[in-house]
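User: I want to learn how to read a predicted model. Where do we start?

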Amino acid sequence: MTGEALDPGMGRRSFINWFLGTSAGAFLVSVLYPAARYLIPPPAGESAAGTITLPLKPEDVKSNTGQIFKFGNRPAILIRTPAGELRAFSAVCTHLNCTVQYRADLSHIWCACHNGHYDLNGKNIAGPPPRPLDPYVVNVRGSQIVVGKSA
Amino acid sequence: MGSRDTRHGRLWTWLDERLGLAELEKLAKKKEVPVHRHTVWYYLGGMTLFLFAVQVATGILLLFYYRPSAEEAYESIQFLMAEVQFGWLIRSIHAWSANLMILTLFVHLFSVLLLKAYRPPREITWFSGVGLLGLALGFGFTGYLLPWNTLAYFATKVGTEITGVVPVVGLFLARILRGGDEVTGAALTRFYGIHVAVLPALAGVLIGLHLYLVQKLGMSVPPGVERAGGPRRTMPFFPSFLLRDLVGWLSALAILAALAAYYPIELGQKADPFASAPAGIRPEWYFMFMFQTLKYLPSYILGIEGEVVGVVGFGLAGLFLLLIPLLDRRTARGEPSRMFTWIGIAIIAYMVVLTYLGYTVSPTK
């Protein structure tokens, strides 16, 4: 590797270096790719149910109260307004996903985590929440309360 | 090597020939700690390290009873607290020591910041220290969920949702962190793995680097003391400084024991994913200033969601903190740098005031 022989010599050297470098890179990718994919959780089966029947009778839900129920795999809230109307919303606060509650003293929906307020239509009226709560459709069929996603 | 040294006995000689103890001894004798009116701040780093050691020891003990699943976590800690002898003590010490460690870490950080110990050549020491602060907060955040109680559940819901707010990669990161789209048993298992394996491994590497640099570069003498001149006083690290360190560690242990005995950590209610978040919900105190800031932000700021502004803002503040050694050019040149002193004071004041408000303002206000 002296004098005139330098160029072909370095060519060989750089080829070997390139070969080693790409092999090391390919090796790393082949190790890291499965590990990275492994860390991504598989998609959870979303509950497909569009409507559910609550284990409650309409007369059990007092005026100016609310309660949490399970809608699919997320919490939802059923309220009876002071005027006597039944309404249901997603109970997941649109701010940072806490579960909201009905405040009888304020007569509206409130989130304890960051003091977010929603009115009886689920509209965000005070505090940090950026969007209204998703509304659901409530139907009373005889002595059953059926809640469904709005169409 | 061993033949010239007869004062330590044969075992020492045997070990020295294999491990090179004489070199270590020479190093320990050579190491000196500057003495001046700010020397007291030198003890905070060692104090943090001591509390970390307490965390490792008590954490290993907790592993023997803890079960990382949504069905069993709460019950296993109930069992630990009620049935296992001194189970309540080990858990309380782990929780209290975590809090004290974060406290001493913050004091250490701010003393280094205000005394400008981050100036060249100690930039990497600072970077590794800020990295360790991040790891400590990660330890606190992941450990908080493990009892699977209501407070932990909602704190984690909010905390991981905040990750989801980060532009572009946020939702993906939150999903990786939670092991799904919601905080469930999958999140608990992941947090457990992160808390007991991933973070300790990273902390081990960073602590090693941090201590190596402290050893290599020695203690930083504050620029104010250097400029004042006068005779440089020092004390030997071994034994003078180490013995003083030891007094601090014993005091910390006594405080820990007293806190754990008189204020044992409660377990609270088991987490129920289908219950409302209770009033008065709040994170650990060291996240309080951020939590309180998020409460004050309106839903939209200049058309951007308030929490995005908050989260990106704290991210940028963290980045600024990390890069201070590169940004503070005056200190690097050896000139007084009043601006960075005031920035340090402003950060401390902001954190103290917002934390105070977090604990005093009514949660519905």
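Analyst: Start with contacts. Two residues are in contact if their C-beta atoms, placed from the backbone, lie within 7 Å. Keep in mind that this model is predicted.

User: How many residues of chain A are in contact with chain B?

Analyst: On the chain A side, 23 residues take part. They meet 30 residues of chain B. By class, chain A brings 15 nonpolar, seven polar and one charged residues to chain B.

User: Which elements does chain A have, and in what order do they run?

Analyst: Chain A has one helix and ten strands. The helix comes at the N-terminal end of the order, and the strands follow.

User: Is chain A spread out or compact?

Analyst: Compare the radius of gyration with the globule rule. For 151 residues the rule gives 15 Å, but chain A has 30 Å, so chain A is more spread out than a compact globule. The box tells us about its extent too: the C-alpha atoms fill roughly 100 × 30 × 25 Å along the principal axes.

User: How much of chain A counts as buried?

Analyst: A residue is buried if 20 or more other C-beta atoms lie within 10 Å of its own. In chain A, 28% of the 151 residues pass that test.

User: Now a helix. Which residues of α12 in chain B are buried?

Analyst: A general idea helps here. An α-helix has 3.6 residues a turn, so residues three or four places apart point the same way. Helix α12 of chain B covers residues 288-296. Its buried residues are B:Met290, B:Phe291, B:Gln292, B:Leu294 and B:Lys295.

User: What covers them?

Analyst: The cover includes α13 (306-327) and α15 (338-360) of chain B.

Key: Residues numbered from 1 in each chain as written. Chains lettered and ligands numbered in written order. Predicted model: local features only at pLDDT ≥ 70, side-chain atom pairs only at ≥ 80, totals over all residues. Nonpolar A, V, L, I, M, F, W, Y, C, P; charged D, E, K, R; others polar. Helix = DSSP H or I, 4+ residues; strand = E, 2+ residues; numbered from the N terminus. Rg over C-alpha atoms; globule rule 2.2 N^0.38 Å. Buried ≥ 20, exposed ≤ 12 C-beta atoms within 10 Å, placed from the backbone.
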